[in-house]
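Q: Please take a close look at one part of this structure, the four-stranded open sheet of chain A, and at what surrounds it in the chain. A formal account for a reader new to the structure would be welcome.

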Amino acid sequence: MGLLYPGALVFFAIVPALVLAYLARERPTRVTVSSVLAFRALRGFRKERYGGRPRFDWMFLAELLLLCLAVLAMAGPFVIRRSNPIAVLIDNSAAMQASMPEGGTRFQDAVAKTEAMLLASGGAGKISVYVTAPAPRRIAPPYATIAQARRAISRIKPLDAPDDATAVAALLADIGSGAHYGKVIFASSHAIAAPAPPLVHAITSGDPIPNLALSSFTLRREMFGAEALHARIEVSNFGTETKAIEVTIDGDGTRVADARESLAPGETAALEFPSLPPARIYRAVLSPSDGFPLDNVANATSGAVRAVSILFITPTPADAQGLSTIPGAEVKTVAPDSFTPDDLKRADVAIFEYSAPKELPLVNALLVMPPPDPVFGFAIKPASQIDIAGWSKTDPVTDSVNFRMLNLRSGEFFGEHPWMSAVVSGQGGGLILRGTRQDHRYVATGFNPFPYLGKRNLPMSVLTLNMLSYLAGLGASSAGYRTGEPFLVPAGVTEVTMPWGRKMKAQPGTLFQNVNTQGIYELSGPAVATIPRAVNLDDLAVSDLSNSQPLKVEVAPAPPSAASFAEKASISPWILLAIVVLGAFEAAIVYRRRHRMAEV
Amino acid sequence: MLGLPDEFTPQFLTRLEELRIRTRRQYAGMGKGAHLSPKRGSSLEFSDYRHYSPGDDFRYIDWGLYGRSDKLYIKLFKEEEDLLTYIFLDASASMAFPASDRKFERAVATALAIAYVALGSGDRVMLRVLAGAGAKVDPVFLYGRHRIVELAQKMRAIKPGGEYDLAQALARELHSIRRAGKVFVVSDFLMLLNSVTRGLGLFTAATMDVTAVQILGGHEVQGQGLEGDVEVVDSESGESLRVAIGPREREQYHQTMLRLTREIKQFCTKRGLHYALHLTDQQFQDFFARAVTDLGLAH
């Protein structure tokens, strides 16, 4: 037995003081009686006088006991119990879903072996249960019995999320150091690299198996004006034989594309699908099936291909109407008088028509027939008739543009510009200038390509799309979401529908943590349209089931001998219970005495 | 009823009317009554003979004795007169404690019941209040049953309070009493035995027929409600004692109270006084029915 806070025992000094006060106290209840004649005889029994033998009073004894117990409880007494605590670390990562040749999954095999080892241990101490995914953690306070621990283990399900091998190794090093547990059971598909910690008993479930995996599924829109998306799927063969594979893509449940390929052992091939028809959700399936079906399926959403937000500052809003018909473009029109620099914060591209900003815009910008201004410092020469004399044939702005078909009338020529160069020029000077400043792209035109007329004015439309594509920087693939990696809840989203249909509340601007299942998550809110979000395993290290890297656990050179552990069991709760019972007893006695006194 | 205490039901009053005061001596009264007087009178009870003198009513000449002795003798008879009844009521502060025992109310009821018996028998009653606070009762004899209402109203205005020495107080009262008679002292007698015996002894010495009625509270005798460390304060003297009371002490106290009452009773018995003890936890009417003899009353 010991005390957590022995300093509290100093309060025991109160006890002798209280006893002295009790011996010397003069605090009887004052009662007026008809005569004290009969009480005189009692004086011989009165022993409470100072110096006399104190009268034995159960109540004082009870109060003294209460005080002593309270001081004892403050000191935090505990008893030492010998035990052999066990830690169970079960790998519940995605790799544990892989099938075993003899039937069942790696996870089921790991659970069965763990329970058998637990039963064999005899259960001489508390059992702590840990899991590895999505991050290593203990699932609950330690369990007192093996039966409780087995019930808890049976409730664990393998996730679609990968584990973090470094974090798992760190946890193993901690719990296997001998400071907390006498035995550690580690059940996983990972082996432990030698030298393994002596206290860690590893259960390795599953042998290396060949596996085919969809390791990446991305969508992108290559340029403005194209409704079709470009898909890129990477397929890996983690086996020892050459495999003929087939990948099919469904768009909203309809087959939209497929491809076949032959993959050599260890080869990763990229399959391109350049023009997928529009669909909301795409699902890629790899065949033939294998022992790890999770990575044979991948999802992608067209919503992940981000729209380009265009801010059109113009005194003639009608010029901006045609831009809205371009797929992937969102256009907002603002008059020059009401424009403020804050309007640029939500824009990817700004178009200043017949106007110029008062300061250099911090977004890529197209300036259409800008007036002379101090920011860009254009040297402008107006002309009633402009003709194109030359253009750069290798510039993305001029790519595929039939300049001879362009029908230009009045406009303005640009003189020499300090940091913008002419990509299209006429006899009076530059007609299209392009340049970069502070990592932003700027294009200026001496003629007005708007309104956007699409196929009705194809040469001008191609030029317009070229300029907007250059300014929007298209070509990057959409960002994917991976299982186990929380995503940021967008503004306006208050609810997330999980792949299995359950709805969960979400707070905009916070990380949504419950992303441990592969599938489509529907993000919705009262003021926003439903946003589908595809979450895939997307982890080659998990899919490589034929080559599981052993965990390297660094342990102390000489771990302490931990055959049995001294466990401090606090007895303060029992003391507090005794205080409550004694207090209730005293209260009842005092009430009874006062009630009887009141009858006098 | 008529300002009388609640205990005075019509049935109880009827029973009181059947009682009369009994004395061990004959006392001269102030008028015709039902008690034999030491005076010669015209009652039917023979008293003595004396020689005939001229002028005597010859109807009282005992002719038989004349035939035997040849001398004329006149037969004398006793007189029947009323009885002078003195009731001394203790109204000191001790009669107010313990409040739950209502000792003073029982003492007043006892005094009124005795007074009713006396007035109903045609005797004269004088009530004297020892100590007390509030209204005073005039030291005059009351006569006639109807005066009980007046007496009850006056007694209701008396509040217990103050302190007195029984011996000295009764000595003062004795000085003011000119004619002997029946004396009732109604008190808790919670005082030194010496004071009680001296006080009561004064009246016996003055040839008074004395009845001591001791009124004690039921809780008071048992010491109920006193527990633990108690500072008891004397209601009259203010003297305080600090005692620790437990079951053993309470029993000791109870025995002491019984001893005090026993000593007073022994004194009364030895000196030819009537003594009655009334504990307030008893029914008042039952007490009066059972203690008729002890109170010095008779049917």
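A: The following account begins with the sheet, continues with its loops and a helix elsewhere in the chain, and ends with the contact between the chains.

The model is a predicted one. In chain A, four strands form an open sheet in the order 12-11-14-15, and their pairing is antiparallel. Strand 12 (254-263) and strand 15 (297-301) of chain A are the edge strands, each pairing on one side only. From one strand to the next, the twist averages 20 degrees. Strands of a sheet pair through backbone hydrogen bonds, in either a parallel or an antiparallel manner. Within this sheet, six bridges join strand 11 (residues 243-251) of chain A to strand 14 (residues 281-287) of chain A in the antiparallel sense. Thr248(A) has Val285(A) as its bridge partner in strand 14 of chain A.

Two loops of this region deserve attention. Asp252(A) lies in the loop between strand 11 and strand 12 of chain A. Although Asp252(A) is not a glycine, its phi is positive, at about 50 degrees. Asp252(A) counts as partly exposed because it has 13 C-beta neighbours inside 10 Å. The loop between strand 14 and strand 15 of chain A holds Pro288(A), and the peptide bond from Ser287(A) to Pro288(A) is cis, with omega near 10 degrees. Most residues other than glycine have a negative phi, and most peptide bonds are trans.

Another cis peptide bond runs from Ala194(A) to Pro195(A), with omega near 0 degrees. Pro195(A) is placed in the loop between strand 7 and strand 8 of chain A. These two strands, strand 7 (183-188) and strand 8 (200-204), are among those against which the buried residues of helix 5 of chain A pack, together with strand 4 (86-90) and strand 5 (127-131). The buried residues of helix 5 (residues 165-175) are Val168(A), Leu171(A), Leu172(A) and Ile175(A). They lie on the same side of helix 5 of chain A because they cover an arc of only 100 degrees around the axis.

Chain A also meets chain B, in a contact that takes 26 residues from chain A and 31 residues from chain B. Strand 2 of chain A gives the largest share of the side of chain A that touches chain B, five residues. By class, that side has 12 nonpolar, four polar and 10 charged residues. Strand 2 of chain A runs parallel to strand 11 (residues 228-234) of chain B, and five bridges join them. In that strand of chain B, Glu231(B) is the bridge partner of Arg30(A).

Methods: Residues are numbered from 1 along each chain as its sequence is written. Chains are lettered from A and ligands numbered from 1 in the order in which they are written. This is a predicted model: local features need pLDDT of at least 70, side-chain atom pairs count only at pLDDT 80 or more; totals for chains, interfaces and linings use all residues. Two residues are in contact if their C-beta atoms, placed from the backbone, lie within 7 Å. Ala, Val, Leu, Ile, Met, Phe, Trp, Tyr, Cys and Pro count as nonpolar, Asp, Glu, Lys and Arg as charged, and the others, Gly among them, as polar. Two strands pair if DSSP finds at least two bridges between them. Axes are lines fitted to C-alpha atoms, for helices over the stretch in contact, and angles run from 0 to 180 degrees between N-to-C directions. A residue is buried if 20 or more other C-beta atoms lie within 10 Å of its own, exposed if 12 or fewer, and partly exposed in between; C-beta atoms are placed from the backbone. The arc is that of the directions from the helix axis to the C-beta atoms.
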